[in-house]
Amino acid sequence: MSGPQPETRRGRKGIAVSTLLVAASVLALLRPAPVFAQETELRGEVSESAILADQQRKARQLRAQGSPDQAAQTAEDQTPANPYEPASPGAVPDDDQTAGATGSIFDQPLATDDPFADNLTAARPRRPSTARQRVADAGTKGDTKAADKKKAKKKPGQATDSTAKTTAADDRADIAATEDVDTNRRALTIDSVDRQKLDPGAERTGSIEGQKVKPEDDPFAAPGIKLGTFVFRPTLEQGFTATSNADASSGGRSAVLSETALRFSATSDWRENSAVIDGYGIFRNTLSGQKINDAQGRIEGQLNVDLDNELRAIAKLGYEAVPESASSPDAIAGVTSQPLRQTVDGSLGIEKDVGKMRYTLTGAVTHDFYGDAKLSDGTVLSQKDRDSTLYSATLRTGYQVSPALTPFVEAEAGRRIYDLRLDSNGFERSSTRLGARAGLELDMDDKLSGEFSVGWLREAIDDDRLPANAGPYVNADLKWSPERGTIIGLTGRTTIESTTAANESGDVLYSSRLTGERQVRANLTANSSLGLDWRDYTGSDGHDLILSAEAGLTWWLNRYAGLTTRVRTEKLTSNLPGRDYVANSVYLGLKVQR
């Protein structure tokens, strides 16, 4: 009965040691990380079989370092009584259960599948502090000495106790080393968000001053002044004119004149409709030579309104004051100043589009009234018998062949009524006006735009003793831009000029102008014009031919001021006596705009 008791005690002691080892391992696993526990990778619940497999791995490491007898005895004591056997035939044990397995589930996993792992350097373990190293060394030495004493006194069968104590000491050293390892390091896997490129739209842009500013098309254009809902652009020009014929007449003389010109334009800034107001005023005074003191000007406005049912309304209103020209057929000889002719005109048009058809109906009123003429002897000659009003209505029908071409036909009917039924010579000057013409509208954006038309125009005077003023009708208003910075314009106009001269009906005047403007440089502009006028007297073979040419330059000092100069020549040739003249002039001035 006493023989087997020591073995029984040794078996119970081995079981107790194994239990203590399992408890120590579990406590080591449950113990929290020293610092920055959030960086530790969580691997879930650890099974008891995994813990035993790890203990077997450590036993194999000790066996490779220690004696074969001790390693064999330790392996026998730690081998579980009932090892795991797979139920399925031919099953392969896990890697941690094979004899050659050296890894542990407690080792840090390798980031073999991380595409950015090559660019990372693994964090090196932090060296343990001196105090902890001494404690670990002292504990290891103490356990080693106790194991040596125990070995010297051991009896057969007691090798398991010393081996178990040595294994426990190694486990404590491993736990101490694990506690001192620096876990404050970046995880091996990289968050993909950190590797994403910044959205170009979220990048910070440069300052406004640093960006390249697009140059203006016309850097010397008038900026304008904001007045309510209009942009007002005034221009003031002051200069001097030297001319060979001050009043452009057959008896005109040379003079030096002071010339002041004021021009302005106002454009609305409305969202739907639009309005434009233009005006000018010219004042001339003699500094030396022939006495000239006159003024002329005009102001006109246009309003465009969009109505319902594809209707558009266009309204115009104007006022003009111009002294009678000395070369006019109605000019009065022997006066200190020609009478002032004033004109008030207005029109209202309605436009309607039906498919490609274009319809326009326009009504117009023009009233002319004259001031008194002052004779050289001091008397005053009334001109009230020349006052008249012209009422007219025009119907235009067009067909839009393309957005650029719209041919049209036009018919006009009107009535001219004089304020006095009989003039100073006893003639009834009122007349009836009829006209018809055909033309073409052009709209090629900035390249070519405008219209021209030809036809016939006639005014029959109520007095049977006077023939009707009639003749071909020509009208044109075209602008062509062959290249950027160059604008060529062509204008043509047909005007019936009535008269109160005895036994005369009047004449038909055809006026045409060919103009050109070229922007030589941003601050240098050149302009030129050629004029051709033909006056055909009714009831006779009399006629006038007027030729004119002009060229000028404007050099802008800055956006608000510039120097301007021009030369002009004009010549009138007539088959009627006392009408021929030639006038040449040179102008130099300063132009200011805003």
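A residue counts as buried when its relative accessible area is under 20%, as exposed when the value is over 50%, and as partly exposed in between. These terms are applied below to a predicted model. Glu237 is buried, because its relative accessible area is 6%.

Glu237 takes part in a salt bridge. Its partner is Arg263, and the closest N and O atoms are 3.7 Å apart. The two residues come from distant parts of the chain. Glu237 belongs to strand β2, which covers residues 230-243. Arg263 belongs to strand β3, which covers residues 255-268. The separation in sequence is 26 residues. Arg263 has a relative accessibility of 38%, so this residue is classed as partly exposed. The bridge thus joins a buried Glu237 to a partly exposed Arg263.

Side chains of opposite charge can pair when their charged atoms come close. In total, the structure holds 33 salt bridges. Another of them connects Arg513 and Asp533, with the closest N and O atoms 2.8 Å apart. Arg513 sits in strand β18 (residues 506-521) and Asp533 in strand β19 (residues 524-537), so this pair ties together parts that are 20 residues apart in sequence. Asp533 is buried, because its relative accessible area is 10%. Arg513 is partly exposed, at 30%.

Salt bridges with shared partners also build a network. Its members are Arg396, Glu410, Glu412, Arg416, Arg433, Arg437, Glu441, Glu451 and Glu459. A further salt bridge is formed by Glu428 and Arg421, with an N to O distance of 2.7 Å. Here Arg421 is exposed, because its relative accessibility is 56%. Glu428 has a relative accessible area of 27%, so this residue is partly exposed.

Strand β3 also holds Glu259. Glu259 has a relative accessible area of 14%, so this residue is buried. Two polar contacts involve its side chain. One joins Glu259 to the side chain of Thr241 at 3.1 Å. The other joins Glu259 to the side chain of Arg566 at 3.4 Å. With residues up to four places away in sequence set aside, Glu259 touches Glu237, Gln238, Gly239, Thr241, Ile282, Phe283, Arg284, Arg566 and Tyr587. Glu237, the salt-bridge partner of Arg263, is therefore among the residues that Glu259 touches, while buried by the cut-off used here.

Two threonines were examined next. Thr343 is located in strand β8 (residues 340-354). Its relative accessibility is 6%, so Thr343 counts as buried. The side chains of Thr343 and Arg341 are joined by a polar contact of 3.1 Å. Beyond the neighbours within four places in sequence, Thr343 is in contact with Gly318, Tyr319, Glu320, Thr366, His367 and Asp368. Thr343 and Thr389 are 46 residues apart in sequence. In space, their C-alpha atoms are 9.6 Å apart.

Thr360 lies in strand β9 (residues 357-370). Its relative accessibility is 17%, so Thr360 is buried as well. Apart from residues up to four places away in sequence, Thr360 touches Ile350, Glu351, Thr394, Leu395 and Arg396. Arg396 is also one of the members of the salt-bridge network.

An open sheet is built from 3 strands in the order β7-β10-β11. The pairing is antiparallel. Strands β7 (335-337) and β11 (380-381) are the edge strands, and each pairs on one side only. Strand β10 covers residues 373-375 and pairs with β7 over 2 bridges. In β10, Leu375 is the bridge partner of Val335.

The surface carries a nonpolar patch. The patch consists of Leu236, Leu262, Trp555, Leu557, Leu563, Leu590 and Val592. Together these residues have about 600 Å² of accessible area. Val592 is part of strand β22 (residues 581-593). Its relative accessibility is 38%, so Val592 counts as partly exposed.

Terms used: Residues are numbered from 1 along each chain as its sequence is written. This is a predicted model: local features need pLDDT of at least 70, side-chain atom pairs count only at pLDDT 80 or more; totals for chains, interfaces and linings use all residues. Side-chain values use heavy atoms; hydrogens and water are left out. A salt bridge is a side-chain nitrogen of Lys or Arg within 4 Å of a carboxyl oxygen of Asp or Glu. Helices (H or I, at least four residues) and strands (E, at least two) are DSSP runs, numbered from the N terminus. Buried means under 20% relative accessible area, exposed over 50%, partly exposed in between (1.4 Å probe, protein chains only). Two strands pair if DSSP finds at least two bridges between them. Patches are made of residues with over 30% relative accessible area and no salt bridge: like charges are joined within 9 Å, nonpolar side chains (Val, Leu, Ile, Met, Phe, Trp, Tyr) within 5 Å. Accessible areas come from the Shrake-Rupley method with a 1.4 Å probe; for residues, only the protein chains shown count as cover. Contact means heavy atoms within 4.5 Å. A polar contact is a pair of N or O atoms within 3.5 Å; within protein, one must be able to donate a hydrogen and the other to accept it, and residues adjacent in sequence count only if both atoms are side-chain atoms.
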